[in-house]
Every structure is written in C-alpha cells, then in structure tokens.
Amino acid sequence: MSDRLFAATRKGLFEFRPQGGRAWAVARTSFLGSPVSMVLADPRDGALYAALDLGHFGCKLHRSEDGGATWSETAAPSYAGVEADADDPPSLKLIWALEAGGADEPGVLWAGTIPGGLFRSEDRGDSWSLVRGLWDDPRRKDWFGGGYDSPGIHSILVDPRDSRRIALGISTGGVWESQDGGASWTLGGQGLRAAYTPPDQAYDPIRQDVHRLARCAAEPDSLWIQHHNGVFRATGGIGRWEEIEPPVSAFGFAVAVHPQKPGTAWFAPAVKDEYRYPVDGRLVVNRTTDGGATFETLSQGLPQADAYDLVYRHGLDVDPSGERLAMGSTTGGLWFSEDGGDRWSGVQARLPPIYAVRFA
Amino acid sequence: MASIVFTPHLRAVGPLRPAAYAGATLAEILDAMTADYPRLKDYVLDDQGRLRKHIAIFVDGAMVAREIALTQPLQASSDVYVFQALSGG
C-alpha cells in the first residue's frame with residue numbers, strides 16, 4: 001500500500017497522508033499559488049519532481065531530495081535551437097508527463113510536453129535532450145492539437161521488461177512505441193476509432209485522440225486507452241485494439257489499470273466532448289474486472305447530485321496493491337477508495353482544480 | 001550604466017532593488033545579469049530567446065513594443081522596467 005499521495009493542482013502541490021483511521025489529510029504543501037502541471041516520485045532514488053506552469057514566466061522543473069521539505073530548480077526541457085515547423089519556432093508550453101526511466105537506468109527521466117516533444121534526461125533533470133527520432137519523424141506533422149493549440153505527449157510508459165521500449169499516448173496523434181530507446185518509432189493503434197473525422201479516416205491510427213494510455217505493470221502487453229470517443233483494450237502490445245462499450249458514457253479522460261490484473265481497469269465517465277461534466281451531475285467510476293466484458297458503475301461515497309467535477313487524464317491513480325485508488329477533479333474534489341473502488345471517501349479540504357494525482 | 005527594475009514577482013530569481021548593469025540593449029543587460037542571477041533570463045525569455053508574451057518592457061517612461069524591446073539601443077542613463085501583464089485567477 002502507498003501511504004502518500006501527491007496532488008498537482010492549479011495552486012500548488014499537496015501531499016496527503018492517512019491520518020488516524022482511514023481519513024486522508026493534507027500533510028504538506030509546496031509551491032502554494034503556483035500551477036503544478038505534473039509531479040513524479042522517482043521510485044529508484046526517492047527524489048521528487050514538480051513541473052510548474054508559471055504562465056508569464058514559463059514552465060519550470062523543481063527537484064526535492066528530502067521528500068518535499070525543500071526544492072531546487074533544475075533545467076526544464078527546452079526547444080532552444082529547434083527549427084520551426086512553420087513560421088513559429090517551438091517553445092515549451094507545458095510539461096504534461098514526467099516518468100522515471102527503468103530500474104537499470106538510474107538518473108534517466110522522460111518528459112512529454114506541449115508542443116509534442118519527448119525529452120530525455122540522463123542526470124536527474126539537470127539537463128534534457130529532445131528525442132530527435134520522434135521529433136524528426138515526418139509523420140509527426142500529422143498530429144494536431146486536442147484541447148490545446150498544439151499536440152502533446154501525456155502518457156509515457158517505460159516497459160518494465162526492457163527500458164529501451166517506450167510507449168507514448170499523444171493527443172492528438174495516436175499511440176507510438178520505440179524499441180530502441182527513442183531512435184525509431186512505430187505507430188500502433190489498429191482498431192482505434194475516431195468519431196470526429198471524415199468517415200474514411202475514422203480508423204487512421206494517427207487521427208486517434210488518445211486521452212490516456214495505461215498498462216498492467218505485471219503484464220505490460222495488456223494496455224487500456226480512454227479515448228476521446230471510446231474505451232479500448234489491447235492484449236498484445238500497442239498494435240491492435242478492441243473497442244469496449246462502457247456504461248454511462250464512453251467519453252472521459254482518465255484510466256487506471258490494476259497493477260497485477262490486466263483485465264481490471266477504472267474509468268471516470270463524463271458527458272461527451274462538447275460538455276464535459278458527470279452525466280446527470282452524478283460522479284461515478286466505471287470498473288471492469290473481466291477485460292471489459294462487463295462493468296460496474298461505482299458511486300458509493302461519491303457525490304450523486306449537483307456534482308460537476310471533471311476528472312482530467314492524470315486525475316485517477318491506483319497504488320501498487322491494486323486496492324487503493326485516488327481520484328481528483330477540476331473542482332478540487334479528491335476521493336480515496338481502499339477497496340478497489342467499491343466505496344469512496346472525500347477529503348475534508350477545498351482544493352484548487354486538480355491536474356494530477358499520484359501515489360508514491 | 002542603465003538602471004533596471006524587475007517585477008517583484010521575480011524576486012526569487014532576480015534583484016530585489018533597482019540594479020545597475022552595463023549594456024547597449026536589454027538583451028546585453030540580461031546577459032550581463034546572468035552571472036549574478038543565473039535563472040533570471042529563462043523567466044523573461046522563452047526557450048527560443050524571445051521576450052515572453054506577458055512581459056512588458058518600459059524604458060524611460062514609455063512601453064516598448066515587444067518586437068524591439070530586446071534590441072532597442074539604451075542610453076547609459078536609461079531606466080528600464082521589466083514588468084508583467086496582469087491576468088489569471
């Protein structure tokens with residue numbers, strides 16, 4: 001069980017711990033007032049990383065060596081010297097994904113950004129390099145912005161069997177995998193379906209607005225996608241996908257996958273794309289335990305009237321036990337479950353809008 | 001030397017009080033300040049070296065268009081203000 005959860009919010013980073021009994025409460029705050037777009041706790045050395053989106057002053061990255069008591073600014077991914085696609089040379093707009101490299105690569109970090117660059121650090125964030133193998137891939141020109149002006153990389157999965165295998169989810173640009181540490185890339189996504197394109201392009205893998213890509217840690221070839229207009233499952237890597245029909249709504253941003261059971265996954269459905277709030281104002285979680293054949297819609301402990309909480313793509317997480325879940329919303333709601341989602345309990349805090357929750 | 005003042009929002013990375021630095025342009029002054037304030041430039045300029053969108057530059061009482069703010073010649077007696085637009089919630 002993880003006894004620590006970080007919530008990256010519009011106005012700071014919040015650390016939660018269970019206090020007495022089972023109630024989770026704020027144990028520490030960092031960067032109060034500043035938007036924190038992503039947080040990473042590196043399981044290899046215990047370092048914490050926080051990505052700040054300072055608006056006027058740009059995106060910054062900070063590292064803590066003491067569990068969040070003190071922070072120091074590191075380098076941030078930079079597009080300095082990267083040529084323009086069109087008239088406008090790219091610059092960093094958002095650090096949208098931060099992941100640790102493999103257990104055999106101490107110090108290696110990956111960052112996904114808007115615009116759609118993937119960056120690698122080999123020195124714990126002190127310097128970053130744009131992964132040219134992806135940036136220079138001519139197919140990247142077919143990506144487009146989904147919700148933001150530019151496309152972005154929001155999901156980075158390092159294969160636990162081989163640190164050189166990296167899978168990405170891109171909004172909007174489908175799912176990609178490198179087997180050589182980023183030098184070359186394969187576009188996956190056969191079977192993904194886009195309802196927002198001309199019909200003849202509906203199954204074009206590069207047109208797919210993958211909202212979130214997640215995998216089962218124990219069976220890394222078993223993956224799930226919450227997509228702009230559907231839920232999809234793969235059981236043999238990122239190549240081929242099966243569309244799943246969830247109850248309530250197929251729209252949503254987040255998916256979390258059980259770390260040991262590849263057929264178990266959780267979703268936070270919402271009214272589809274042009275509205276984006278819980279169906280009927282009732283906040284629920286969809287759970288499948290049989291690979292998507294059936295779902296349960298879980299609501300115990302979640303607000304069931306006048307709830308307009310949207311759960312963003314990084315707003316749902318499961319801990320290594322597979323039993324403890326956390327879910328954070330755009331209206332600052334934060335709920336925990338200790339039993340795989342059967343029952344939820346909200347924290348007694350009125351938080352800023354939540355961008356990401358992560359157990360550590 | 002020109003006198004340069006930064007918005008107090010940058011107090012964590014820049015000077016707290018008006019500072020004097022030599023430089024024929026704002027770009028040169030920012031370069032000269034890097035030795036004392038290594039993080040400052042990245043807060044004022046983006047990763048392509050452009051003035052960030054919501055930074056406003058005033059020289060001797062007049063706001064300077066962003067396109068020329070980094071390269072406009074300064075006088076040795078110039079007063080330069082690096083401020084920010086107000087936005088957000």
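**Reasoning about a predicted model**

Leaving aside neighbours within four places in sequence, A:Leu283 is in contact with A:Pro278, A:Leu302, A:Pro303, A:Ala307 and A:Asp309, and the model in which these contacts are found is a predicted one.

Biologist: Why is A:Leu283 called buried or exposed, whichever of the two applies?

Modeller: A residue is called buried if 20 or more other C-beta atoms lie within 10 Å of its own, and A:Leu283, with 28 C-beta neighbours inside 10 Å, therefore counts as buried. A:Leu283 has its place in the loop between strand S21 (265-269) and strand S22 (285-288) of chain A.

Biologist: What puts the buried residues of helix H1 of chain B on the same side of H1(B)?

Modeller: In this helix, residues 26-33, the buried residues include B:Leu26, B:Ile29, B:Leu30 and B:Met33. They cover an arc of only 100° around the axis, so they lie on the same side of H1(B). The buried residues of H1(B) pack against several elements of chain B, among them strand S1 (2-6) and helix H2 (40-44).

Biologist: How do you know that strand S17 and strand S18 of chain A pair?

Modeller: Two strands pair if DSSP finds at least two bridges between them, and five bridges join strand S17 (residues 223-227) to strand S18 (residues 230-234) of chain A, which run antiparallel. A:Gln226 stands opposite A:Val231 in S18(A).

Biologist: What makes strand S16 and strand S19 of chain A the edges of their sheet?

Modeller: Four strands form an open sheet in the order S16-S17-S18-S19 in chain A, with antiparallel pairing. Strand S16 (210-215) and strand S19 (242-244) each have a single partner strand, so one side of each is left without a neighbour in the sheet.

Conventions
Residues are numbered from 1 along each chain as its sequence is written. Chains are lettered from A and ligands numbered from 1 in the order in which they are written. This is a predicted model: local features need pLDDT of at least 70, side-chain atom pairs count only at pLDDT 80 or more; totals for chains, interfaces and linings use all residues. Helices (H or I, at least four residues) and strands (E, at least two) are DSSP runs, numbered from the N terminus. A residue is buried if 20 or more other C-beta atoms lie within 10 Å of its own, exposed if 12 or fewer, and partly exposed in between; C-beta atoms are placed from the backbone. Two residues are in contact if their C-beta atoms, placed from the backbone, lie within 7 Å. The arc is that of the directions from the helix axis to the C-beta atoms.
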